[in-house]
2 protein chains.
Amino acid sequence: MQQTKEITIYDLAKALNISPATVSRGLKDHPAISHATKKRIQDMAREMGYRSNNFASNLRRQKTNTIGVMVHELNSSFITSVLSGIEKVTTAADYDIIIAHSSEDYKKEVANASNLFHKRVDGLITSLAYNTENLDHFEPFIQKGIPLIFFDRVEPQYPGAKVVIDNMKAGYDVTSHLIQQGCKRIVHIAGSLKRNVYADRLKGYRKALEKNKLAFDESMVIENDLSEVACVEAAKKILQMKPRPDAVFACNDFAAVVIMQALTEQGIRVPQDIAFAGFNNDTIARLSIPKLTTVNYPGIQMGEIAASHLMSHLNGESNIMQTSTVIIKSELIIRDSSLRKK
Amino acid sequence: MQQTKEITIYDLAKALNISPATVSRGLKDHPAISHATKKRIQDMAREMGYRSNNFASNLRRQKTNTIGVMVHELNSSFITSVLSGIEKVTTAADYDIIIAHSSEDYKKEVANASNLFHKRVDGLITSLAYNTENLDHFEPFIQKGIPLIFFDRVEPQYPGAKVVIDNMKAGYDVTSHLIQQGCKRIVHIAGSLKRNVYADRLKGYRKALEKNKLAFDESMVIENDLSEVACVEAAKKILQMKPRPDAVFACNDFAAVVIMQALTEQGIRVPQDIAFAGFNNDTIARLSIPKLTTVNYPGIQMGEIAASHLMSHLNGESNIMQTSTVIIKSELIIRDSSLRKK
DNA sequence: AAATTTAATGCAATCGGTTACATTGATCAA
DNA sequence: TTGATCAATGTAACCGATTGCATTAAATTT
């Protein structure tokens, strides 16, 4: 608790009998400072326990070297992959990141945006919350010309930079696969259809049905918030459907596993009675019994691409507003939950 | 991209023909400012799109109103619960939090600590990484009197504030439960025994064996990093043990489920042939088949307690260095994976 | 009416780095 | 020898909000 007084470059300057300017330069390897002086400065800094004051520096430089990352949740392996992709790139470019999560809540997303804005991040990477209604909270960033890049859950109308996968194609692929396995009555569990990712997967689902001359039945699509409670509810609904569906394509792995479990408890066999497919390739997809067919989401790559676009914009090497949407490849991973033919 | 010039309190002052000091006070509801003036200031601020400069403020106040939270991973529901507990308390106290995660890597933990130190957080809440060897990287905080509070994974030697559960008791309870279910050859999957949480659970395991007059067999304890690969490896080892074990008590749910799945694939029935218990009550414990017996970790409460201790220290209401260890209650959750008797 | 208290606002120094623009002394070319 | 060039360092003005200490005017007391 001895509350050592904070050492500043002025203290170092006095101790070394040189000017604060020289100290400042010496600490950051400025070319004009002689090697000998640099060493003296750095040694003294270490000895006296100096730590630079970021605020003073940021205040003067009008730059924070920090970027904000806003996500809807932390607890999916997709999101943590994206984060690690972002971190890899930003760390290399000597930027810090501040992670904010909205717990899928629009209001909290708004609060987080405002917070990051006041923390003066140099740029922002974002995936929208489940129930985000508009992009007004990003206006301040746009006004000040702070670069913005959306990934995964994006707003189709927004004209700026986005990094996504082709959700329609992925939805199409999953559904086609189920059809190939002999399924004809496929339930689709969708998240909020306001979100591009869910709306597009539904489109892909419909397209696959059409292509295979299967009728689209509105009552086979269940839109909910993908929570455990909602999925247990959905499972009940599925049990009551007549004739019974022979496949479930859920918009994420968690939902798929919850429903799969609820049905298994009722004595339904997977995949023989009902085949299952999820989305995201979360850890749980490998740990369920049977293992879950899903779509691999290249999270790390997504994070890397988003971050490196942002970095190159900040370096003036490119303009993010001219960057069109980047679409990353995803891939279907077939596992036991949908394999009815060998 | 119009890069509007940043508005400062000086601009507001000029526009309103008053002093910057009054503007500063008016913006933060200082009692000495008249109601009318306050309103004029706040209206003008809104109109001109003013945003306060945190750096200038922090620099002047020598305080950031930000606390750092360092965790080993983000992808467990235990950790996200702790975070939400912390957020609840800090938000109410008007503090921001910066979350840093080490991906279970000591080096990254060191880097994060240094980063947060330079960001000048007013306090730090931490759970150690898997392979953290010492607490040297916290020295700077201690030197400057920045309050520090550890939770969950703590260093027993550290004399300051800690929030933990009674891991020994929890380990004892789990093991006793398995024994009650008729298990006599119980494998224990431990994480790094350098970490208190794992070492203590092992102690509890041994104590329960002793109490029930079962011999402790070193070869029944497998210490690994709890990764998927290591657990698959462990499952193989278990298969080769003769006579075959009749229970597995793993130090987290993920490990338990991975091993359970690997054994199930070999035709072993759970819980009849081998009973299972995990730890943490992660989501996956409810989604596995059979559902997993585990120990509930009161994450939210842990976060709340850690944060509120920190807040009251920062408010000068108490001294964190005098706070002894806080032990929170955990509880055994019995599910199908260990129920051999009804 | 004079003295005192209270309310509202202003002045100016301060927080600690950064950097454009000197300054100094030394080295080199002519 | 003189002027030019260069390397190394110094000077001082920022960046924007905060706050102790005035100051002024209005309200209240004596």
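How far is a phosphate oxygen of DNA strand C from an N or O atom in the side chain of B:T37? Select both and you'll find 2.6 Å between them.

Before moving on, a word on what you have open. This is a predicted model, where local features need pLDDT of at least 70, side-chain atom pairs count only at pLDDT 80 or more, and totals for chains, interfaces and linings use all residues. Residues are numbered from 1 along each chain as its sequence is written, chains are lettered from A and ligands numbered from 1 in the order in which they are written, and side-chain values use heavy atoms, with hydrogens and water left out.

**Stop 1: DNA strand C**

Stay with strand C and show the protein residues near it, meaning those with a heavy atom within 4 Å of the strand. There are 26 of them, and A:I9, A:R25, A:R60, B:T22 and B:T37 come nearest.

Now look for polar contacts, that is, pairs of N or O atoms within 3.5 Å; inside the protein, one atom must be able to donate a hydrogen and the other to accept it, and residues adjacent in sequence count only if both atoms are side-chain atoms. Pick A:R60: an N or O atom of its side chain sits 2.5 Å from a base oxygen of strand C. Then pick B:S19, where a backbone N or O atom is 2.9 Å from a phosphate oxygen of strand C.

Next, colour by secondary structure. Helices (H or I, at least four residues) and strands (E, at least two) are DSSP runs here, numbered from the N terminus. Two or more residues of the surface near strand C come from each of α1 (9-16), α2 (20-27) and α4 (54-61) in chain A, and from α2 (20-27) and α4 (54-61) in chain B. The top contributor is α4(A), with four residues.

Which part of strand C faces the protein? Of its atoms within 4 Å of the protein, 58% belong to sugar or phosphate and the rest to bases. On the protein side, the surface has ten nonpolar, nine polar and seven charged residues. For that count, Ala, Val, Leu, Ile, Met, Phe, Trp, Tyr, Cys and Pro are nonpolar, Asp, Glu, Lys and Arg are charged, and the others, Gly among them, are polar.

**Stop 2: DNA strand D**

Switch to strand D. Around it are 27 residues, and A:T22, B:I9, B:R25, B:K28 and B:R60 come nearest. Sugar and phosphate make up 58% of the strand D atoms that come within 4 Å of the protein.

Three residues to click on:

- A:R25, with a side-chain N or O atom 2.8 Å from a base oxygen of strand D.
- B:R25, with a side-chain N or O atom 2.6 Å from a base oxygen of strand D.
- B:I9, with a backbone N or O atom 2.6 Å from a phosphate oxygen of strand D.

Which element gives the largest share of the surface near strand D? Highlight α4(B), which supplies four residues. By class, this surface divides into ten nonpolar, ten polar and seven charged residues.

**Stop 3: B:N58**

Still in helix α4 of chain B, select B:N58. Its relative accessible area is 6%, so B:N58 is buried (buried means under 20%, exposed over 50%, partly exposed in between, using a 1.4 Å probe and protein chains only). Contact means heavy atoms within 4.5 Å. Leaving aside neighbours within four places in sequence, B:N58 is in contact with A:F55, B:K63 and B:T64.

**Stop 4: helix α9 of chain B**

Select residues 196-211 of chain B. This 16-residue helix reaches 22 Å from its first C-alpha to its last, close to the 22 Å expected at 1.5 Å a residue (1.5 Å times one less than the number of residues). Among its buried residues are B:Y205, B:A208 and B:L209. The buried residues pack against β5 (161-165), α8 (167-180), β6 (186-190), β7 (221-223) and β8 (247-250) of chain B.

For a close-up, pick B:T175 in α8 of chain B. B:T175 is buried, because its relative accessibility is 0%. Beyond its neighbours within four places in sequence, B:T175 is in contact with B:I186, B:Y205, B:A208, B:L209 and B:F249.

**Stop 5: A:V295**

Finish in chain A, at A:V295 in strand β10 (residues 294-296). With a relative accessible area of 2%, A:V295 is buried. A:E331 is 36 residues away in sequence, yet the two C-alpha atoms are 5.5 Å apart.
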